[in-house]
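Biologist: I have the sequence and the model open on my screen. Please pick one part, look at it closely with me, and then take me through what surrounds it.

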Amino acid sequence: TGTSYAVYRVEGRRVSRCDTADATHLVGTVRGETFLDTTAPDGRVSYVVTALDRAYRESRTGRTVSVR
């Protein structure tokens, strides 16, 4: 398991592998299991999370979650 997590957000569609390579989609990092996106736009957005180890190596993405 990672020591922290990176949270990515994409507006209006599912998150692709390329989106996690683009830092403009990174909305934050967090230690623990809770993240509150205070800058989320109106409409449909999708999120994906990766785990970061102590050396900040990133895991593969988890499942995409879409919300309105």
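**A close look at tyrosine 56**

Modeller: Happy to! Tyrosine 56 sits in the loop that links β3 to β4; helices (DSSP H or I runs of at least four residues) and strands (E runs of at least two) are numbered from the N terminus. Please keep in mind that this is a predicted model, where local features need pLDDT of at least 70 and side-chain atom pairs count only at pLDDT 80 or more, while totals for chains, interfaces and linings use all residues. Residues are numbered from 1 along each chain as its sequence is written, and side-chain values use heavy atoms, with hydrogens and water left out.

The backbone of tyrosine 56 deserves a glance: its phi is near 65°, a positive value in a residue other than glycine. With a relative accessible area of 58%, tyrosine 56 is exposed (over 50%; buried is under 20% and partly exposed lies in between, with a 1.4 Å probe and protein chains only).

One residue that touches tyrosine 56 is serine 4, where contact means heavy atoms within 4.5 Å. Serine 4 belongs to strand β1 and, unlike the tyrosine, is buried, its relative accessible area being 6%. Setting aside neighbours within four places in sequence, the contacts of serine 4 are Val30, Arg31, Thr50, Ala51, Leu52 and Tyr56. Glycine 32 is worth finding too: 28 residues separate serine 4 and glycine 32 in sequence, yet their C-alpha atoms are 6.6 Å apart.

Now follow the strand that holds serine 4. Six of the eight residues of β1 are buried, so β1 is largely enclosed by the rest of the structure. On one side of the pairing list is β3: strand β1 (residues 4-11) and β3 run antiparallel and are joined by eight bridges, and strands count as paired if DSSP finds at least two bridges between them. Within that pairing, alanine 6 has threonine 50 as its bridge partner, and tyrosine 8 has valine 48. β1 also runs antiparallel to β2, through four bridges; there, valine 7 is placed opposite glycine 28.

Strand β3 (residues 45-52) has seven of its eight residues buried, so β3 is largely enclosed by the rest of the structure. Beyond its link to β1, β3 makes three bridges with strand β4 (residues 65-67), again antiparallel. Serine 46, for instance, is partnered with serine 66 in β4.

Just ahead of β3 comes another loop residue to look at. Arginine 44 is in the loop between β2 (26-30) and β3, and it is partly exposed at a relative accessible area of 34%. Leaving out residues up to four places away in sequence, arginine 44 touches Glu11, Gly12, Arg13, Arg14, Ser66, Val67 and Arg68. Alanine 23 gives a contrast: it is 21 residues from arginine 44 along the chain, and their C-alpha atoms are separated by 20 Å.

Finally, step back to the whole. The protein chain has one helix and four strands, in the order β-α-β-β-β. Contacts between residues 24 or more positions apart make up 54% of those with a separation of 6 or more. Of the 68 residues, 32% are buried. The radius of gyration is 11 Å, which agrees with the value near 11 Å for a compact globule of 68 residues (taken over C-alpha atoms; the rule is 2.2 Å times the number of residues to the power 0.38). Along the principal axes, the C-alpha atoms fill a box of roughly 35 × 25 × 20 Å.
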